[in-house]
Amino acid sequence: MVRAAVESASPCGGGTGTGSAADFIPPRPTLPKLREAATRCRGCDLWTCGRVVFGEGPRSATVMFVGEQPGDQEEQAGHPFVGPAGKLLDAALEEAGIDRKTVYVTNAVKHFKYERGAKSARRIHKKPNDTEIRACHPWLEEEIRLTKPRVIVVLGATAAQALLGKQFRVTQQRGKPVKSELAETVIATVHPSSVLRAPDGERERARNEFFADIRVVARHIAKA
Ligand code: URA
Ligand code: SF4
């Protein structure tokens, strides 16, 4: 009984990560080659957590959205941003007049990190740590190198840490272009999950602010 309880509460992981996804990047990568190679990635311990969810979208995308990591529904579907946070992102894109089919959507970390609830089998999201974010970075780097988006949208603190450094504060710098070598325009905003998690009295404002940031993105796409 005790053993089962400990096991059920422990996160996935505890595997045998090599320390970097760079060990799994194929020679002369293309997006399809990367996607295929990522299914064998053991760059960090999260490879034991389920299926890898690689970025999706056309190579010619002008804009790339970078989230944290796939969630429960994304892991099951094998596609990024298809769960509740994805639906909110879709709504914000639609309202801003951005066609999701034309954007590249990906995550800083490509495996869903979770722990099991003590009382149910539900998989509870866990934030990826510095080691996992660093280990997974080569995939994101390759995605950016191959798609060369003119606009990169950083969704939340984990993506900001991966692309803009740990000192970057999304709450202070959201919604305006930040200096970066990564692309012509790099804009950070909150993660759509944070809007969904906001307390009842604050959710509407959080949603409006998120939508406003995505409208800023749309204006920059139009300029690009
Ligand atoms: N949250 C993310 O950061 N990415 C997804 O793909 C889904 C939810
Ligand atoms: Fe590889 Fe990234 Fe998955 Fe870690 S999270 S195993 S680095 S794909």
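Which ligand takes up the space that is the largest cavity? Hi everyone, that is where I'd like to begin. The answer is ligand 2: the space it takes is the largest cavity. Please keep in mind that this is a predicted model.

Let's look at what surrounds ligand 2. Its neighbours include three cysteines, Cys 41, Cys 44 and Cys 136, along with Trp 47 and Trp 139. Gly 43, Val 52, Val 109, Lys 110, His 111 and Ala 135 are also around ligand 2. Sorted by class, that shell comes to 8 nonpolar residues, 2 polar ones and 1 charged one.

Now over to ligand 1. Where does ligand 1 sit? You'll find it in the largest pocket. Around ligand 1 there is a run from Gly 67 through Glu 68, Gln 69 and Pro 70 to Gly 71, and then come Glu 74, Pro 80, Phe 81, Asn 107 and His 191. By class, this shell has 3 nonpolar, 5 polar and 2 charged residues.

For those of you who like atom pairs, here are three. Glu 68 brings a backbone N or O atom to 2.7 Å from an oxygen of ligand 1. Phe 81 also uses a backbone N or O atom, at 2.8 Å from a ligand 1 oxygen. With Asn 107 the side chain takes part: one of its N or O atoms is 2.7 Å from a nitrogen of ligand 1. As for cover, ligand 1 on its own has 230 Å² of accessible area, and the protein covers 94% of that.

One last stop, the cysteines away from the ligands. How many disulfides does the structure hold? Just 1, and it joins Cys 12 to Cys 49, with the sulfurs 2.1 Å apart. The link is right-handed, with 95° about the S-S bond. It ties together distant parts of the chain, 37 residues apart. Cys 12 is in the loop between helix 1 (2-9) and helix 2 (31-38), while Cys 49 is in the loop between helix 2 and strand 1 (63-67).

Thanks for listening!

Terms used
Residues are numbered from 1 along each chain as its sequence is written. Chains are lettered from A and ligands numbered from 1 in the order in which they are written. This is a predicted model: local features need pLDDT of at least 70, side-chain atom pairs count only at pLDDT 80 or more; totals for chains, interfaces and linings use all residues. Side-chain values use heavy atoms; hydrogens and water are left out. A residue is near a molecule or strand if one of its heavy atoms lies within 4 Å of it. On a 1 Å grid over the protein atoms alone, a cavity is a set of points where a 1.4 Å probe fits but cannot get out, and a pocket is an open set with protein on both sides within 12 Å along at least five of seven lines; lining residues have an atom within 4 Å of a point. A molecule sits in a cavity or pocket if more than half of its atoms lie within 2 Å of its grid points. Ala, Val, Leu, Ile, Met, Phe, Trp, Tyr, Cys and Pro count as nonpolar, Asp, Glu, Lys and Arg as charged, and the others, Gly among them, as polar. A polar contact is a pair of N or O atoms within 3.5 Å; within protein, one must be able to donate a hydrogen and the other to accept it, and residues adjacent in sequence count only if both atoms are side-chain atoms. Accessible areas come from the Shrake-Rupley method with a 1.4 Å probe; for residues, only the protein chains shown count as cover. A disulfide is a pair of cysteine sulfur atoms within 2.5 Å. Helices (H or I, at least four residues) and strands (E, at least two) are DSSP runs, numbered from the N terminus.
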